[in-house]
Amino acid sequence: MAQVKSFGERIADAMIEDGLLTAAQVEELLVLQKKENKRFLNLIIEKALVTDVDLSVSMGKALNTPPVNLTKIGVPQEIANLIPREMAMNHKVLPVSRVGNKLYVAMADPLNVIAIDDIKRVTKLDIQPMIAPEKAIVDKINNLESGPVTSMSQIIDEADKAARELKEEEEIEITKETKEEVNLDQLIASGEEAPVIKLANIILVQAIKDRASDIHLEPFEKAMRLRYRIDGALIDMPPPPKSMQVALTSRIKIMANLDIAERRLPQDGRMRVKVGGKDIDLRVSILPTVHGEKCVMRILDKSNLSASIDLLGMDPDSFSRFKSAIDAPHGLILVTGPTGSGKTTTLYSALNELNNPEYNIVTVEDPVEFQIPGINQVAVKKEIGLTFASALRSILRQDPDIIMIGEIRDEETAEIAVESALTGHQVLSTMHCNDAPGAITRLDDMGIAPFLISSSVILSCAQRLMRRICKNCKEPVVYPPKMYEDLNIDPKMFEGVQLFRGRGCERCKNTGYSGRVAIIEIMPITDEIRKLVIKRSGSMDIGKVAIEQGMRTLRMVALDKARQGISTLEQVLIVTPSH
């Protein structure tokens, strides 16, 4: 027992060092371990405090055992066959490579001496343990079950043979597509089967643990594809078997209260799950494709919302300007940027700051992303005539103090937003523009009179999300002169500054990045800018004056993040425009 406890404490130290657990959490777990007589690792897994990958990395540190990312490597069939499948599944092990007399084996528990002895007895080789999450090992074994991958030469030989046979027969038999009959009882039954429920739960839980924003389940002719969008990038995951496609889609539909018998039309729904003691909302979208229904689930985690605007990561000057606009009694505040740039999250953070019993706060959104207590939220439903414009007209009769509009898309909505700001309401909204000055000219393009724009808009922002460098594999880097040339900046700006990058590790799935940070361009509407607006000056002219008055552009803010070691110069180049 003493040995197990010592190992648990070593893992705990590694997790505290990596910022995965707090000292208070570890103390609580150690007390619980003594009380319930359970293994420290089992308690961490039960409470879902860290992801499988993070746990493996920390175990590897504690044991001085290298981790292995099974999703990134191929295991030759002859290597996999060295350990009988039943033994591999029983011990949760998988041979990954052989060098001479050494066999490198991925193990969920490298301390399992019984497993190591069994493998040594069967293979007659020297075993070198490596560490990997249990789920990754099981998935890899299951994927190998179908047999060895066909080589390119085999494919060519088979194609030549088929061509010869076709030439000899000189005829092709055309088969008719069979129409699949929908049996509602069978669909419901298949969606309620235990393996399907377990598979759906595993997909959801793993996505939430990996901090994914979206889950993509995609059907193809002979296989399915499962991808998670993590930090803005789609990452392939071990896919479910094609045979479970219909049952899995039916299960998701049942969870989201959708019509499981309807497979010809798109459907949208919502569901709520509880993972690790947290309530997670998911928005579900079903889209019929030629090979079945594609399912995309947007994960809406309230814990990702900033409790207040001071956690958005702005520099002191930009924060001061943003805070002044939020505290203003009336006026229109615009946050611009492309889809997925975090605009709505920024507005929600501002609403959290303003959420007070003294104010009547009403939002109109399409759809409602997060439900916030104390705020009246209206979801747009175009099919019944409830548009942004019609909802706003009704909201203005509800004696509101603060109004949030999910997005200004048309002239009618823009007119009501401007009029509301001019009649003593504070209005917050998003728009699709490239930069902060562009929001002003966009309103002009929509047909709003320049004198109304200059009188109503008090602040315009532009926002992007940059990927953060993974703290676990962060290392210094020296960039070539070409990088500074591509960024159109003077290398002297970075003299004496150490820049960093992520090398790529198990924890960040070899991307070098983990998490994202918002970069925000803040442009208050000053008297000088109002004069330019009335003259209908272009966004470039407005931007020049704003920069002279202290506005920091997206590029400037992004370069600061690289200078501070938060992100990389590659991200600056990818995320921000050149000016």
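How many bridges join strand β8 to β9, and in which sense do the two strands run? The legends below answer this and describe other close-up views of a predicted model.

**Figure 1. Overview of the chain in the predicted model.** The secondary structure of the chain comes to 23 helices and 18 strands. The chain has 579 residues, and 48% of them count as buried. For contacts between residues at least 6 apart in sequence, 64% join residues at least 24 apart.

**Figure 2. Strands β8 and β9 form a hairpin.** Strand β8 covers residues 278-289, and nine bridges join β8 to β9 in an antiparallel arrangement. The hairpin passes from β8 to β9 through two residues. One bridge pair to look for is L287 with K294, the latter in β9. Strand β9, residues 292-300, also pairs with β4 in the antiparallel sense, over four bridges. In that pairing, H216 has V296 of β9 as its bridge partner.

**Figure 3. Surroundings of E218 in strand β4.** Strand β4 spans residues 212-219, and E218 is one of its residues. Is E218 buried or exposed? Its relative accessible area is 6%, so E218 counts as buried, the cut-off being under 20%. The side chain of E218 makes a polar contact of 2.8 Å with the side chain of R227. Leaving aside residues up to four places away in sequence, E218 touches A223, M224, R225, R227 and K294. Of these, K294 is also the bridge partner of L287.

**Figure 4. An open sheet of three strands, with helix α8 across part of it.** The strand order is β1-β2-β3, and the pairing is mixed. Strands β1 (93-99) and β3 (126-131) are at the edges with a single partner strand each, so one side of each has no neighbour in the sheet. From one strand to the next, the twist averages 30°. Strand β2, residues 102-107, runs parallel to β3, and six bridges join the two. Within the sheet, K102 is found opposite D126 of β3. Helix α8, made up of residues 134-144, lies across β1 and β2 and runs at about 75° to β1.

**Figure 5. Packing of helix α11 with helix α12.** Two packed helices are described by the angle between their axes and the distance between the axes. Helix α11 covers residues 194-209 and helix α12 covers residues 245-255; their axes come within 9 Å and cross at roughly 70°. Helix α11 is therefore roughly perpendicular to α12. On the α11 side, the residues in contact are V196, I197, L199, A200, N201, I203 and L204, and they meet A247, L248, R251 and M255 of α12. Sorted by class, this contact has nine nonpolar residues, one polar residue and one charged residue.

**Figure 6. An open sheet of seven strands, with helix α14 across it.** Reading across the sheet, the order is β12-β11-β13-β14-β10-β15-β18, with mixed pairing. Which strands stand at the edges? They are β12 (376-379) and β18; each has a single partner strand, so one side of each is left without a neighbour in the sheet. The twist from one strand to the next averages 20°. Strand β11, residues 361-365, runs parallel to β12 and is joined to it by four bridges. Here T363 is placed opposite Q377 of β12. Helix α14, residues 343-354, lies across β10, β11, β12, β13, β14, β15 and β18, and runs at about 165° to β14.

**Figure 7. Two loop residues with positive phi, N510 and R536.** N510 is a residue other than glycine, and its phi is near 60°, a positive value. The loop that holds N510 runs between β17 (499-502) and β18 (513-524). With a relative accessible area of 40%, N510 is partly exposed. R536, also a residue other than glycine, has a positive phi near 60°. R536 sits in the loop between α20 (527-534) and α21 (539-548). The relative accessibility of R536 is 53%, so R536 counts as exposed, the cut-off being over 50%.

Notes:
Residues numbered from 1 in each chain as written. Predicted model: local features only at pLDDT ≥ 70, side-chain atom pairs only at ≥ 80, totals over all residues. Heavy atoms only, no water. Pairing = 2+ DSSP bridges. Axes fitted to C-alpha atoms, helices over the stretch in contact; angles between N-to-C directions. Contact = heavy atoms within 4.5 Å. Parallel < 35°, antiparallel > 145°, perpendicular 65-115°, else oblique. Nonpolar A, V, L, I, M, F, W, Y, C, P; charged D, E, K, R; others polar. Buried < 20%, exposed > 50% of the residue type's maximum accessible area, 1.4 Å probe, protein only. Polar contact = N/O pair within 3.5 Å; in protein donor to acceptor, adjacent residues only side chain to side chain.
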